[in-house]
Amino acid sequence: MSKRGYAASKKLLTGLIGAPIAHSASPAMHERAAEALGLRGHYQLIEVAGADAAGLRMMLEGVRRLGFAGVNVTYPYKEAVVPLLDALAPGAASMGAVNTVVVGDGRLTGHNTDTTGFARAVAPLLAPSGNAVAVIGAGGVGKAIAFALASLKVADIRIFDSEPARAEKLAGLLAGQGGARVAGSIEDALVGATGLVNGTPVGMLPSRDAPVPAALLRADLWVADAVYSPLITPLLAAAREKGARIMTGRELAIYQAADAFELFTGLAPSTEIMGEAFDAVMAARSAAYQAA
C-alpha cells in the first residue's frame, strides 16, 4: 500500500517473527509511532521456536495474504528467511541477512535496518583519527553491525565467532569494503582495538553471561551491546566498572525500528516518540523484575 493509501485507510498491520520475543519493545514503539501519525497500528508478535524452512514459508505466506504491511525478523531467522523472499534490497543481498520484510504488490522484499540503525547509533563513538573495532558474533546481527561499520569507513574490523567458518564468511563478504579480518580469539580481536560490539544474544535475559571476559576490558575502549533486555547487560556493567564508554542497545532498537516503520509505510516516524515508548517498556520491565 502506498503512503497515500495508509493515510486514507488509517490502518496498519505489522509484526515480528522470531523466538524468544515476548520481551520485545517493538510493539510499543511501532504502535505509538503509528498513533502519532494518525494511524491505527497493530504490531503482532509471531513467536515460533524451531521453525524449519517450511514453517517459515508458511508464516511469510500468511504475512503476504493477511494484510500485513510487513514484518520484522529477529533471532534466529534473519538468515533463514533470505531464500524464501521474492526480492532483496541491495544491502540485505550483500550480507545475506534480513530484519525487515516489506509487502508490496503481493511481493515480499527483504531489507536490513539493523545496518542503517546501528550506523546512526554508533557514529558518535567513532574517532576521526581512525578506528579498530572488534565485533563478537557473525550471525544476523553481527553481519549488520560489521556492514554498518564498513559503511562508516572503519578500516580495521576484527570479527570473532565461536564458529570460525561464519567469521570467515563474513570477512569474505566485506572483502571489497575495507579492512575486515577474522580474529582467532577474543583476545586477538581486542589487541589495540578502540571499540567492541557484542552482536550475539549472550547476556539477553534470562542469560546473565557475558560474551567477553571482564579482564579483557579497558578504560580506553568503548563497548556497545546489541542486546537491550536488560539494558545494562553483564558486558556493559563490567565495561562501565573499568571506566569504558558504553552504548546500550537502546539506540539500535529505536533507529532500526524507525527505519523499518518508514519502509512499511513511506512515513517518517518520530524517533523521540519511539524512544519514549521504548523507555516506558524498559521502566515497566525493571519495576516488575525488582518486584519479583
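Contact is taken here to mean heavy atoms within 4.5 Å, and it is in this sense that the buried residues of helix 11 in the predicted model have a cover that includes helix 2 and helix 10. The residues of helix 11 that are buried are I273, M274, G275, A277, F278, V281 and M282. Helix 11 runs over residues 271-291, and because a rise of 1.5 Å a residue would give its 21 residues a span of 30 Å, the 30 Å that separates its end C-alpha atoms agrees with expectation. At the start of helix 11, the backbone nitrogen of E272 has a side-chain oxygen of S270 within 3.3 Å.

Helix 10, which is named among the elements covering helix 11, comprises the 16 residues 250-265 and extends 23 Å from its first C-alpha to its last, close to the 22 Å expected at 1.5 Å a residue. Buried positions in helix 10 are L252, A253, I254, Q256, A257, A258, D259, A260, F261, F264 and T265. The helix is followed by G266, a residue with a positive phi near 80°. Among the buried positions, the acidic residue D259, which lies in helix 10, can be described in further detail. Its relative accessibility is 16%, and D259 therefore counts as buried, the cut-off being under 20% relative accessible area. The side chain of D259 makes a polar contact with the side chain of R120, at 2.8 Å. When neighbours within four places in sequence are set aside, D259 is in contact with T113, T116, G117 and R120.

Helix 2 (residues 26-36), the other element named in the cover of helix 11, lies across strand 1 (11-18), strand 2 and strand 3, and runs at about 165° to strand 2. Helix 3 (residues 53-65) also packs on the sheet, where it touches strand 1, strand 2, strand 3, strand 5 and strand 6 (107-111), its direction making about 175° with that of strand 1. The sheet in question is open and consists of 6 strands in the order 2-1-3-5-6-4, with mixed pairing. Strand 2 (40-47) and strand 4 (87-88) stand at its edges, and because each has a single partner strand, one side of each is left without a neighbour in the sheet. Within this sheet, strand 3 (residues 70-73) and strand 5 (residues 100-104) are paired in the antiparallel sense over 3 bridges, and V102 in strand 5 is the residue that G70 stands opposite.

Parallel pairing is found around strand 11 (residues 222-225), which is joined to strand 10 (residues 195-198) over 4 bridges in the parallel sense and to strand 12 (residues 246-247), again parallel, by 2 bridges. In the pairing with strand 10, A224 of strand 11 is the bridge partner of V197, whereas in the pairing with strand 12 the bridge partner of V223 is I246. The side chains of strand 11 are divided between two directions, with W222 and A224 pointing one way and V223 and D225 the other way, and all of these residues are buried. Strand 11, helix 9 (residues 234-241) and strand 12 together make a β-α-β unit that is right-handed.

Several backbone features occur in the loops. Most residues other than glycine have a negative phi, and most peptide bonds are trans. In the model, however, the peptide bond from A19 to P20 is cis, with omega near -5°, and P20 is located in the loop between strand 1 and helix 2. A cis peptide bond also joins S229 and P230, where omega is about 15°; P230 has its place in the loop between strand 11 and helix 9, two of the elements of the right-handed β-α-β unit. As for phi, D105 has a positive value of about 55° although it is not a glycine. D105 belongs to the loop between strand 5 and strand 6, and because its relative accessible area is 83%, D105 is exposed. K153, likewise a residue other than glycine, has a positive phi near 65° and is found in the loop between helix 6 (140-151) and strand 8 (156-160). With a relative accessible area of 70%, K153 is also exposed.

Technical notes
Residues numbered from 1 in each chain as written. Heavy atoms only, no water. Buried < 20%, exposed > 50% of the residue type's maximum accessible area, 1.4 Å probe, protein only. Pairing = 2+ DSSP bridges. Right-handed = clockwise from strand over helix to strand, strands pointing away. Expected span 1.5 Å × (residues − 1). Axes fitted to C-alpha atoms, helices over the stretch in contact; angles between N-to-C directions. Polar contact = N/O pair within 3.5 Å; in protein donor to acceptor, adjacent residues only side chain to side chain.
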